[in-house]
Amino acid sequence: MGRVMRASFAGLVGVLALSAPAAFAQKFEFGGLGGGSFHFTNKDIRGLRRSASAGFKNGFSAGFIVGHNMYQHVGGEFRYTYQRHNLKLEGSNLTTDFGGESHAIHYDFLVHATARNAPVRPYVAVGGGVKLFRGTGRETAVQPLGDVAILTKTNELLGMVSFGAGVKVALGSRAWIRVDVHDYLSPFPKEVITPVPPGSVSGWLNNIVPMAGIGVRF
């Protein structure tokens, strides 16, 4: 009886050892993405003599994900997104812009509509992280609308909330393509776009980021 149990146990270990790589291979993902960056929330800043609308121009985005499919329908992923989107001020028939970019790092939980090995996997995502805003333009002694706000060459790190939805489509047993859209919500960066007293700015920045990409499972 002992020999039978030992043989059975050895056989079970062998089966698990052979099957583990196949199961493990489907749990992790890595991929690169690219797309756009769109802003729909400008903020009004009121100066002593006039006011201006402050915000960001639309631009492009690129990044990568490292994902982990913990369960059949629930997973998570770390995501880095670089965005190029210039700072801008508009008011009194004047428009000025300033070089700008941001770096978003966040972790999202993903809830998939289909199981881990399904060929098509729609999902919704929610998470949070941080977003680093950077002014990259050349500062000058005088800026248009400089009596309302100053576009600065500085860095500002802020918290961020992420909401998203998308779909993954399998390309064979290892590769996938993905299309998704995220909404990055963060406080308005009032150091990168600095109001001139007594002006002030507050509220949240709404950044829509559609992306498409390709990756592998391992």
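**Salt bridges and nonpolar cores**

Arg 49 is exposed, with a relative accessible area of 68%. This description concerns a predicted model, and it looks at how charged side chains pair and where nonpolar residues gather. A search of the whole structure finds eleven salt bridges, and Arg 49 takes part in one of them, together with Asp 147.

**Salt bridges around Asp 147**

- In the pair formed by Arg 49 and Asp 147, the closest N and O atoms are 3.2 Å apart.
- Arg 49 belongs to the loop between β2 (43–46) and β3, while Asp 147 belongs to the loop between β9 (120–135) and β10, so this salt bridge ties together parts that are 98 residues apart in sequence.
- Asp 147 is partly exposed, because its relative accessible area is 26%, a value that falls between the limits of 20% for buried and 50% for exposed.
- Asp 147 also forms a salt bridge with Arg 50, and here the closest N and O atoms are 3.0 Å apart.
- This second pair likewise links distant parts of the chain, since Arg 50 is in the loop between β2 and β3 and Asp 147 is in the loop between β9 and β10, 97 residues apart.
- Arg 50 is partly exposed, with a relative accessible area of 23%.

**Other salt bridges**

- The side chains of Asp 97 and Lys 57 meet in a salt bridge, with a distance of 3.4 Å from N to O.
- Asp 97 lies in strand β7 (residues 94–98) and Lys 57 in the loop between β3 and β4 (59–68), so their pairing ties together parts that are 40 residues apart in sequence.
- Both partners are described as partly exposed, Asp 97 at 38% relative accessibility and Lys 57 with a relative accessible area of 33%.
- A network of salt bridges links Glu 29, Glu 77, Arg 79, Lys 168, Arg 178 and Asp 180.

**Nonpolar cores**

- In soluble globular proteins, nonpolar side chains tend to be buried together.
- The largest nonpolar core of this model has 18 residues, and those with the most contacts inside it are Ile 45, Leu 87, Leu 89 and Ile 193.
- The elements that contribute two or more residues to this core are β3 (51–56), β6 (87–91) and β10 (149–151), and β3 gives the most, with three residues.
- Apart from this core lies another, of eight residues, which includes Ala 104, Met 160, Val 209 and Met 211.
- Leaving aside its neighbours within four places in sequence, Leu 89 is in contact with several residues, among them Ala 52, Ala 54, Leu 94, Pro 144, Leu 145, Ala 149 and Leu 151.

Key: Residues numbered from 1 in each chain as written. Predicted model: local features only at pLDDT ≥ 70, side-chain atom pairs only at ≥ 80, totals over all residues. Heavy atoms only, no water. Core = buried A, V, L, I, M, F, W, Y, C linked by side-chain atoms within 4.5 Å. Buried < 20%, exposed > 50% of the residue type's maximum accessible area, 1.4 Å probe, protein only. Helix = DSSP H or I, 4+ residues; strand = E, 2+ residues; numbered from the N terminus. Contact = heavy atoms within 4.5 Å. Salt bridge = Lys/Arg side-chain N within 4 Å of Asp/Glu carboxyl O.
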